[in-house]
Amino acid sequence: MGSGTSRDQEFGDYYAARGASLRATAYLLCGDWHLADDLTQTAFTKLYLAWPRIQRKEPVDRYVRRTLLRVFLDERRRPWRRERPTAEFADLDPASPAATGRVDDRLLLRRALAAVPARQRAVVVLRFWEDLSVEETAEVLGISPGTVKSQAARGLETLRRRLGVPDNASVGKE
């Protein structure tokens, strides 16, 4: 690799190309744009520190995704993250006349996704948002493909239950 300027330029180009996508993934994992910014920043900081080694050893997307997932799971373990708000915001009420259908759907889906345990949510987001294969998801999370399949099934079951979708309405069932 060349000089530090070249390294910084390459990293900057990568961040410009992938930063927004990784931030969206982080938001789907945590449900909070501010925390998503923090998770993304931490993941890219770790990536920058490992930049010369990563470019020669493994695909950068795989490394940064794995780092983001680990940062997210570590963040969920912090004691202050276990606190849960008890009051609902009135403007988030699906029956609100000012709400639109698209916003309501996104809010309902976001609430349902927040109810999925962190590891299952990570699997669901990687499989169905990032469109990774079972094997790629297993590699990113450091788990077996069988665990990916079972966590995805449980996560989707929780989503369906929270959204009120009957079991027989599953995608892929004929």
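In the predicted model, Glu139 and Arg62 form a salt bridge in which the closest N and O atoms are 2.7 Å apart. The two residues come from distant parts of the chain: Glu139 belongs to helix H6 (residues 134-141) and Arg62 to helix H3 (residues 60-76), with their positions 77 residues apart in the sequence. Glu139 is partly exposed, because its relative accessibility of 39% lies between the 20% and 50% limits of that class. Arg62 is also counted as partly exposed, at 29% relative accessibility.

Glu139 takes part in a salt bridge with Arg66 as well, and here the N to O distance is 3.9 Å. Arg66 is in helix H3 and Glu139 in helix H6, so this pair ties together parts of the chain that are 73 residues apart in sequence. With a relative accessible area of 12%, Arg66 is buried. Arg62, Arg66 and Glu139 are thus joined in a network of salt bridges. In general, side chains of opposite charge can pair when their charged atoms come close.

A further salt bridge is formed by Glu130 and Arg65, whose closest N and O atoms are 2.9 Å apart. Glu130 is located in the loop between H5 and H6, whereas Arg65 is in helix H3, so the pair connects parts that are 65 residues apart in sequence. Both partners fall in the buried class: the relative accessible area is 14% for Glu130 and 12% for Arg65. In the whole structure, six salt bridges are found.

Contacts between helices were examined for H5 and H7. The axes of helix H5 (residues 118-129) and helix H7 (residues 145-163) come within 8 Å and cross at roughly 95°. H5 is therefore roughly perpendicular to H7, because crossing angles of 65 to 115 degrees are placed in that class. On the H5 side, the residues that meet H7 are Arg119, Gln120, Val123, Val124, Arg127 and Phe128. Their counterparts in H7 are Val148, Gln151, Ala152, Arg154, Gly155, Leu156, Thr158 and Leu159.

Two buried residues were considered with their surroundings. Leu29 lies in helix H1 (residues 4-30) and has a relative accessible area of 0%, which means that this residue is buried. When neighbours within four places in sequence are left aside, Leu29 is in contact with Leu68, Leu69, Phe72, Arg110, Arg121, Ala122 and Val125. The C-alpha atoms of Leu29 and Leu126 are separated by 9.5 Å, although these residues are 97 positions apart along the chain.

The second residue, Thr40, is part of helix H2 (residues 33-57). Thr40 is counted as buried because its relative accessibility is 5%, and the limit for this class is under 20%. Apart from residues up to four places away in sequence, Thr40 touches Gly19, Leu22, Arg23, Ala26 and Leu68. Leu68 is thus among the contacts of Thr40 and also among those of Leu29.

At the surface, Leu108, Leu109, Leu163 and Val165 make up a nonpolar patch of about 290 Å². One of these residues, Leu109, lies in helix H4 (residues 101-114). The relative accessible area of Leu109 is 44%, so this residue is partly exposed. Residues enter such a patch at over 30% relative accessible area, and the value of 44% for Leu109 meets that condition.

Key
Residues are numbered from 1 along each chain as its sequence is written. This is a predicted model: local features need pLDDT of at least 70, side-chain atom pairs count only at pLDDT 80 or more; totals for chains, interfaces and linings use all residues. Side-chain values use heavy atoms; hydrogens and water are left out. Patches are made of residues with over 30% relative accessible area and no salt bridge: like charges are joined within 9 Å, nonpolar side chains (Val, Leu, Ile, Met, Phe, Trp, Tyr) within 5 Å. Accessible areas come from the Shrake-Rupley method with a 1.4 Å probe; for residues, only the protein chains shown count as cover. A salt bridge is a side-chain nitrogen of Lys or Arg within 4 Å of a carboxyl oxygen of Asp or Glu. Helices (H or I, at least four residues) and strands (E, at least two) are DSSP runs, numbered from the N terminus. Buried means under 20% relative accessible area, exposed over 50%, partly exposed in between (1.4 Å probe, protein chains only). Contact means heavy atoms within 4.5 Å. Axes are lines fitted to C-alpha atoms, for helices over the stretch in contact, and angles run from 0 to 180 degrees between N-to-C directions. Angles under 35 degrees count as roughly parallel, over 145 as roughly antiparallel, 65 to 115 as roughly perpendicular and the rest as oblique.
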